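Hi,

Here is the structure I promised to pass on to you. Have a look at it first, and then read on for my notes.

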Amino acid sequence: KRREEFVNSLKKVNVTFRCHYTDEWDILDDDCPYAYQGGLTLAVKHYSGKEVETLIGDTRNPLRAKVVDARDEVERVVRNSLLNDEWIEGMKQHNYKGASDIMKKIVNLFGWQATAKVVDEWIFSEIADKYVFNEQMRKWLMDVNVYSAEEIVKRLLEAIQRGYWNPAEDVKRKLVEIYSEIE
């Protein structure tokens, strides 16, 4: 009923902000952070036509609270989990569920890029190297949860299709080949 007022309010927004308060979970563990904050960022860009800062209040340690750019928070979380060999080994202990949790983080990473454009291209390259082009990892994913392996490759291919990631042609071809193999 108040759509016009809402749109007019969105046009005045310069910053989207949310607070992250725990190490029990991170912004890639769930789709709510990107759906809410990223979706709001996307709506503001759409209606205002301007770039919007996407900030996160880091209050994990209340004595050292700070505000960080969402791009920096995504990078921190990716380095602490998806690209962290110790974290990956921990996930591997849980077989099907571990593969599913890895996939979910990658899908949510894609969601952040689709909404707020806060994922650098190098991250997609590293994800491809770590989970798809690494034969041991790909075999493990396919053995314990082929659906997760398929979804990871699909998200990387979609990132290319949407222009979020522009790898070399041989990388694109190899992803398509691997996707066909998984399917």
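K130 counts as buried, because its relative accessibility is 19% and the cut-off for buried is under 20%. Please keep in mind as you read that this is a predicted model. K130 forms a salt bridge with D85, and their closest N and O atoms are 2.6 Å apart. This pair links distant parts of the chain, with K130 in helix α6 and D85 in helix α4, 45 residues apart. On the other side of the bridge, D85 is partly exposed, at 48% relative accessibility.

How many salt bridges does a search of the whole structure find? The search gives 18, and two others seem worth showing you.

One of them joins the side chains of R60 and D58, at 2.8 Å from N to O. Here D58 is buried, with 5% relative accessibility, whereas R60 is partly exposed, with a relative accessible area of 25%.

The other brings together the side chains of E158 and R162, at 2.9 Å from N to O. E158 and R162 also belong to one network, in which salt bridges with shared partners join E151, K154, R155, E158 and R162. Is E158 buried or exposed? E158 is buried, because its relative accessible area is 19% and buried means under 20%. R162 has a relative accessible area of 45% and is partly exposed.

Next, the empty space inside the model. Rolling a probe the size of a water molecule over the atoms shows where such space is left. The structure holds 1 cavity of 30 Å³ or more, and the volume of the largest cavity is about 30 Å³. If you would like to find it on your screen, select Y131, V132, R138, L141, A149, I152, V153 and I182, which line the largest cavity. Two helices, α6 (121–133) and α7 (135–161), each supply at least two residues of that lining. Which of the elements gives the most to it? That is α7, with 5 residues. By class, the cavity lining has 7 nonpolar residues, no polar ones and 1 charged residue.

The largest pocket has a volume of about 250 Å³. Its lining takes two or more residues from each of α3 (70–80), α4 (85–92) and α5 (95–116). In total 17 residues line the largest pocket, and those nearest its centre are D23, W25, D26, D29 and K105. How does this lining divide by class? It has 9 charged residues, along with 4 nonpolar and 4 polar ones.

Last comes the surface. V15, F17 and V67 form a nonpolar patch there, and together they have about 260 Å² of accessible area. V67 sits in strand β3, which covers residues 66–69. With a relative accessible area of 54%, V67 is exposed, because exposed means over 50%.

If you want a short route through the model, you could begin at the K130 and D85 bridge, go on to the network that includes E158 and R162, and then visit the cavity lined by residues including Y131 and I182. After that, turn to the pocket with D23 and K105 among the residues nearest its centre, and end at the patch of V15, F17 and V67.

Happy viewing, and do write back with any questions.

Best wishes

Technical notes. Residues are numbered from 1 along each chain as its sequence is written. This is a predicted model: local features need pLDDT of at least 70, side-chain atom pairs count only at pLDDT 80 or more; totals for chains, interfaces and linings use all residues. Side-chain values use heavy atoms; hydrogens and water are left out. Patches are made of residues with over 30% relative accessible area and no salt bridge: like charges are joined within 9 Å, nonpolar side chains (Val, Leu, Ile, Met, Phe, Trp, Tyr) within 5 Å. Accessible areas come from the Shrake-Rupley method with a 1.4 Å probe; for residues, only the protein chains shown count as cover. A salt bridge is a side-chain nitrogen of Lys or Arg within 4 Å of a carboxyl oxygen of Asp or Glu. Helices (H or I, at least four residues) and strands (E, at least two) are DSSP runs, numbered from the N terminus. Buried means under 20% relative accessible area, exposed over 50%, partly exposed in between (1.4 Å probe, protein chains only). On a 1 Å grid over the protein atoms alone, a cavity is a set of points where a 1.4 Å probe fits but cannot get out, and a pocket is an open set with protein on both sides within 12 Å along at least five of seven lines; lining residues have an atom within 4 Å of a point. Grid points are joined across faces, edges and corners, and a volume is the space filled by probe spheres set on the points. Ala, Val, Leu, Ile, Met, Phe, Trp, Tyr, Cys and Pro count as nonpolar, Asp, Glu, Lys and Arg as charged, and the others, Gly among them, as polar.
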